[in-house]
Amino acid sequence: MSESAQLLPVIEGFATGTPPHVLHQAEAAKFLTSLNCLERNQNRIEKIYENTRIDTRYLAINLLSPETIEFSQKRNTLEERMQMYEQYAFSLADEVARKALLAASDPSSGVKIEDQIGLIVFVTSTGFVAPGIDTKLIESLGLKRNIARVPVNFMGCAAAMTGLRVCCDRVRAYPQSKALMVCLELSSVNAVFNDDLNDIIIHSLFGDGCAAAVIGADTVERLIGRGKFAIKDNFSHLVKGTEDGITLGVKDNGITCLLSRHLPDYIEDGVGTIVNDFLATHQMTKSDIDLWAVHPGGRKIIEKVQLSLGLDDEQVADSWEILREYGNMLSCSILFVMERMMLKLNESAANSTTEGRRSNDPIERPRPINGIAFSFSPGVGVEGILFEKI
């Protein structure tokens, strides 16, 4: 099969969204410093929050209230928290999924986009509900009731990459149908304000958000000029000896996350070799990559990736921007970064078209814009994709 006739998975529609409550980082630091329940670490809070390079986060629950603080310190609240997750999750997931379907729809095809979805993948590490949010989305979105369903749970920040791999495999096998992936993370429902340094660091980083993508399959020739990202390949690597790097757990008062002090070193030591070895399998090097979608998991995470791969601030500017505006939204964050990249590229292309081309200029097909995106899973695992805009 020629390159132009080869089918590639394509992100046909992106959408993102957040809960309405805005938390300003400076305001949060000031509030937490005033709490007697955090007396042991009070003198560290403002510095920790300041060092995150985060300005705002969006949360389903207002964490800066006496009622929330009181609830967060109660034991045996897991059932209540999961009920809260379900309460807040569905409306946000429904809103964002609808936007993704609209972005992927093609009225000229004569087929409703809802009837083309053959798989729904629902991704989360912050709540457990069964029947899941995916079942509610099938009902509310009017999807076929015989579509395949795959939940991806407890894969942490890398879960979107795992979900995309599942979607890619599906559309390669069934190119006549499409897949819908929805990532929904509500860290705020699991907030626990104990006088513990790890808890304070966690609360300085994580925000709530939702991202959705519709994946289809198409040929290279049909992708030219459509402004879509095609996914060329996926990669996954579990770094040896990093079991303590990122640990997720379930306690009687919610889902927990423990970050090792060695995590930044694990990332700096591992990422460069993993990414370079993967690129070599495609006869590519770092110089062939135009877009670096690095998971905005925190200041040290991005900085250590930069050190490991020799990237400057401009190359990872979109990751820094998403971190500053939203904090770490776990699985959603990397899709926020990729969506921003796509919007910028399409805006630039539109501006170039508006400027026009002389009628006698030859039409040249430029080389594809190559990108790589990756996030980190408990373990530490590095999960990613190689993508291109044709």
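## A partly exposed phenylalanine and its surroundings

Phenylalanine 154 counts as partly exposed, because its relative accessibility is 26%, and partly exposed covers values between 20% and 50%. This residue belongs to a predicted model. Its place is the loop between strand 5 (148-153) and helix 7.

Let's follow the chain into that helix. Helix 7 takes in residues 159-173, and its 15 residues reach 21 Å from first C-alpha to last, close to the 21 Å expected at 1.5 Å a residue. Its buried residues include Ala159, Met161, Leu164, Cys168 and Val171.

Now for some backbone angles. Most residues other than glycine have a negative phi, and most peptide bonds are trans. Here are two residues with a positive phi.

| Residue | Phi | Loop |
|---|---|---|
| Asparagine 76 | near 55 degrees | between helix 3 (66-72) and helix 4 (78-104) |
| Phenylalanine 154 | near 65 degrees | between strand 5 (148-153) and helix 7 |

Is asparagine 76 buried or exposed? With 59% relative accessibility, asparagine 76 counts as exposed.

The chain also has cis peptide bonds. One runs from alanine 130 to proline 131, with omega near 0 degrees, and proline 131 sits in the loop between strand 4 (117-124) and helix 6 (133-141). Another joins glycine 379 to valine 380, with omega near 5 degrees; valine 380 lies between strand 12 (369-377) and strand 13 (381-389).

Finally, step back to the whole chain. The protein chain has 13 helices and 13 strands. Its radius of gyration is 21 Å, close to the 21 Å that the globule rule gives for 390 residues, so the chain is as compact as a globular protein of that length. Buried residues make up 56% of the 390 residues.

Terms used. Residues are numbered from 1 along each chain as its sequence is written. This is a predicted model: local features need pLDDT of at least 70, side-chain atom pairs count only at pLDDT 80 or more; totals for chains, interfaces and linings use all residues. Side-chain values use heavy atoms; hydrogens and water are left out. Helices (H or I, at least four residues) and strands (E, at least two) are DSSP runs, numbered from the N terminus. The radius of gyration is taken over C-alpha atoms; the globule rule is 2.2 Å times the number of residues to the power 0.38. Buried means under 20% relative accessible area, exposed over 50%, partly exposed in between (1.4 Å probe, protein chains only). The expected span of a helix is 1.5 Å times one less than its number of residues.
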